[in-house]
Amino acid sequence: MDKFVSSWYNDQSLPESYIFPPHERPGKLLVPRCNTVPVIDLSDTRTNLVHQILKASQEFGLFQVVNHGVPANIMSETMSVFHKFFELPAEDKASLTVYTNDPKRCKLVTSTLDYDREKIHLWRDVLRHPCHPDCIEFWPRKPLRYREVVAACSIEAKKLGLQILELLCEGIGIEHGYFEHELTEDLLLGANHYPPCPDPSLTLGIPKHFDPDILTILLQEHISGLQVLKDGEWIGVRPIPNAFVVNIGYILQVISNNKLKGAEHRVVTNSSDHRISVVFCMNPAGNSNIEPAKSVVTATNPPLCRGFQFKEFVDNFYSMEGDADLALQPFKL
């Protein structure tokens with residue numbers, strides 16, 4: 001546990017191993033918490049929702065949703081339980097840091113799973129685990145209500161994700177129910193803890209990337225940190241009470257044959273506050289066949305790639321250090 005950022009962040013200046021190259025650093029420029037990131041009220045009419053979500057997914061690849069039907073107490077209890085988790089003494093979390101290849105197990109790591117091999121570390125600790133009911137027995141036992149609260153939130157997050165996918169299907173002409181089964185079979189949770197940083201201008205919580213999934217549902221608190229790249233400029237995603245941030249994943253961009261745009265985004269740190277975010281990643285089963293949906297392929301809009309197994313893409317994605325475009329390259333036509 002001594003490697004974990006949260007165990008030493010206030011004891012020293014920023015170590016060299018956390019300093020990014022100049023062209024990747026956020027720098028000291030103030031990125032405004034912008035009001036231009038779309039905020040969509042899910043209580044609107046279906047016709048309006050299809051139009052708004054499609055427009056946001058094509059222009060930003062990212063938007064926020066309010067009046068989504070997820071109870072506010074579930075959202076607040078989820079954030080509370082993760083604050084309590086990251087505040088636990090090291091001995092209560094030590095068993096989760098033991099490396100395992102078992103996909104059902106929780107993994108608590110600092111930076112990434114490749115900490116010992118990576119050149120630059122990320123300013124974060126992260127807990128990851130699958131949300132399938134068969135895996136709950138491997139979830140943390142502390143804090144006391146962890147399993148109850150996180151299970152409730154994961155059910156709501158997946159329900160919300162499927163609702164948004166249905167609206168997107170309607171918008172781009174993919175048949176009803178296309179994403180209901182193996183294409184969203186695996187829901188993965190990631191809880192990120194970003195402690196205060198001695199020099200936020202030099203490091204990152206997460207560098208620029210696309211999410212290698214179908215859809216990401218993000219719960220963030222009142223502290224800013226998420227930024228999205230739009231027309232070459234970084235835009236801060238303003239935290240909104242009781243909202244979820246929705247990211248279009250790179251795999252959904254592929255299935256839509258580039259009709260939808262994956263969101264390229266990053267996470268910056270700050271010097272004063274602990275920040276926690278909770279992400280639910282909607283992933284296909286590993287052996288799922290991924291290809292542009294037949295209904296979006298035409299003579300004038302031919303498929304951008306051949307079919308491939310999701311696990312092939314994921315292997316490429318991590319071997320290419322998170323570069324989604326390079327990961328897709330072997331499958332392009």
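**Exercise 1. The hairpin of strands 9 and 10**

Determine how many residues lie between strand 9 and strand 10 in their hairpin, and which residue in the turn has a positive phi.

Solution. Strand 9 and strand 10 form a hairpin with two residues between them, and in the turn Asp231 has a positive phi of about 55°; helices (H or I, at least four residues) and strands (E, at least two) are here DSSP runs, numbered from the N terminus. The next step is the pairing itself: strand 9 (residues 226-230) and strand 10 (residues 233-237) run antiparallel and are joined by four bridges, where two strands pair if DSSP finds at least two bridges between them. Within this pairing, Leu229 stands opposite Trp234 in strand 10.

The model is predicted, so that local features need pLDDT of at least 70 and side-chain atom pairs count only at pLDDT 80 or more, while totals for chains, interfaces and linings use all residues. Residues are numbered from 1 along each chain as its sequence is written, and side-chain values use heavy atoms, with hydrogens and water left out.

**Exercise 2. The open sheet**

Work out the strand order of the open sheet of eight strands, and state which strands are its edge strands.

Solution. The order is 2-3-11-8-13-6-5-4, with mixed pairing. The edge strands, each of which pairs on one side only, are strand 2 (39-41) and strand 4 (107-110). Direction ignored, neighbouring strands of this sheet are turned by 25° against each other on average. At the edge formed by strand 4, four bridges join this strand to strand 5 (residues 125-130), and the two run antiparallel; Lys107 stands opposite Arg128 in strand 5. Helix 5 packs on the sheet and touches strand 3 (62-66), strand 5, strand 6 (186-194), strand 8 (215-220), strand 11 (244-248) and strand 13 (275-283), its direction making about 55° with that of strand 13. Axes are lines fitted to C-alpha atoms, for helices over the stretch in contact, and angles run from 0 to 180 degrees between N-to-C directions.

**Exercise 3. Two helices against helix 5**

Describe how helix 3 packs with helix 5, and then how the axes of helix 2 and helix 5 cross.

Solution. Helix 3 (residues 72-87) packs with helix 5 (residues 146-172) at an angle of about 135°, the axes being 9 Å apart. That angle makes helix 3 oblique to helix 5, given that angles under 35 degrees count as roughly parallel, over 145 as roughly antiparallel, 65 to 115 as roughly perpendicular and the rest as oblique. From helix 3, Ile74, Glu77, Thr78, Val81 and Phe82 meet Tyr146, Val149, Val150, Ala152, Cys153 and Glu156 in helix 5, contact meaning heavy atoms within 4.5 Å.

For helix 2 (residues 46-59), the axes come within 9 Å of each other and cross at roughly 85°; helix 2 and helix 5 are therefore roughly perpendicular to each other. On the side of helix 2 the contact is made by Arg46, Leu49, Val50, Ile53, Leu54 and Ser57, and on the side of helix 5 by Ile164, Glu166, Leu167, Leu168, Glu170, Gly171 and Ile172.

**Exercise 4. Backbone details in two loops**

Find where Pro143 and Ser111 are placed, and what is stated of the backbone at each.

Solution. Pro143 lies in the loop between strand 5 and helix 5, and the peptide bond leading to Pro143 from Lys142 is cis, with omega near -5°. Ser111 is found in the loop between strand 4 and strand 5, and although Ser111 is not a glycine, its phi is positive, about 65°.
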